[in-house]
Amino acid sequence: MGRWSREELQSAHDNFVAVAHRSAQSGDWRAWSELFTEDAEYEEHLYGKFHGREQILAWITKTMSRYPSSHMREFPHDWCVCDEEKDRKSTRLNSSHANI
């Protein structure tokens, strides 16, 4: 058994989804970036690696303010898997653009 229960992992996942939704709607990505630890390592397959919250915030703010990303308002997911033994919640997120 890992450090967190299935319910705790699910709660963290649900919070992540809710914060991402609010950030996409408002264009303010600070709350989303604050979901990561201060020393987070974030790797985005197209844009590269970012180190720490401030780099993550700078990247997501710049990226999501430019067309076509600026029209992404939803991040629905097809599936998610909870692995309590390894303290992981894996999710396949999609992006949904407003009518452009």
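## Helix α1: length and sides

At 1.5 Å a residue, the 21 residues of helix α1 (residues 6-26) ought to span 30 Å, and the end C-alpha atoms do sit 30 Å apart, which agrees. The expected span here is 1.5 Å times one less than the number of residues. Helices (H or I, at least four residues) and strands (E, at least two) are DSSP runs, numbered from the N terminus. Keep in mind that this is a predicted model, where local features need pLDDT of at least 70 and side-chain atom pairs count only at pLDDT 80 or more, while totals for chains, interfaces and linings use all residues. Residues are numbered from 1 along each chain as its sequence is written, and side-chain values use heavy atoms, with hydrogens and water left out.

Which residues of α1 are buried? They are Leu9, His13, Val19, Ala20, Ser23 and Ala24. These residues cover an arc of only 135° around the axis, which puts them on the same side of α1; the arc is that of the directions from the helix axis to the C-beta atoms. Glu7 and Ser26, on the other side of α1, are exposed. Buried means under 20% relative accessible area, exposed means over 50%, and partly exposed is in between (1.4 Å probe, protein chains only). Right after α1 comes Gly27, with a positive phi near 85°.

## Three buried residues of α1

His13 is in helix α1 and counts as buried at 8% relative accessibility. Leaving aside neighbours within four places in sequence, His13 is in contact with His77, Cys80, Lys89 and Thr91. Contact here means heavy atoms within 4.5 Å. Val19 is also part of helix α1, and its 5% relative accessibility makes it buried. With neighbours within four places set aside again, Val19 is in contact with Ala31, Trp32 and Leu35. Looking back along the chain, the C-alpha atoms of Val19 and Glu8 are 16 Å apart, with their positions 11 residues apart in the numbering.

Ser23 sits in helix α1 and, at 2% relative accessibility, counts as buried. What does Ser23 touch, not counting residues up to four places away in sequence? The list is Asp28, Trp29 and Trp32. A polar atom of the Ser23 side chain lies 3.2 Å from the backbone oxygen of Asp28. For reference, a polar contact is a pair of N or O atoms within 3.5 Å; within protein, one must be able to donate a hydrogen and the other to accept it, and residues adjacent in sequence count only if both atoms are side-chain atoms.

## The aromatic cluster

Searching the whole structure turns up eight aromatic pairs. In one of them, the rings of Trp29 and Trp32 have their centres 5.8 Å apart and their planes at 90°, so the pair is edge-to-face. The rings of Phe36 and Tyr42 have centres 5.4 Å apart and planes at 85°, so this pair is edge-to-face too. The rule: rings of Phe, Tyr and Trp (its six-membered ring) pair if their centres lie within 6.5 Å, and planes under 30 degrees apart count as stacked, over 60 as edge-to-face and the rest as tilted.

Phe16, Trp29, Trp32, Phe36, Tyr42, Tyr47, Phe50 and Trp59 form one aromatic cluster. Trp29 counts as buried at 5% relative accessibility, Trp32 counts as buried at 6%, and Phe36 is buried with a relative accessible area of 18%.

## Helix α3 and the loop after it

Helix α3 (residues 52-64) has 13 residues, which at 1.5 Å a residue should span 18 Å; its end C-alpha atoms are 18 Å apart, which agrees. Its buried residues are Gly52, Ile56, Leu57, Trp59, Ile60, Thr63 and Met64. What covers them includes α2 (30-33), β1 (41-44), β2 (48-51) and β3 (72-74).

Pro68 is placed in the loop between α3 and β3. A cis peptide bond, with omega about 5°, joins Tyr67 and Pro68. Most peptide bonds are trans.

## The chain as a whole

The chain has three helices and six strands, in the pattern α-α-β-β-α-β-β-β-β along the sequence. Its C-alpha atoms fill a box of roughly 45 × 30 × 20 Å, taken along the principal axes.

Of the 100 residues of the chain, 26% count as buried. Among contacts between residues at least 6 apart in sequence, 41% join residues at least 24 apart.
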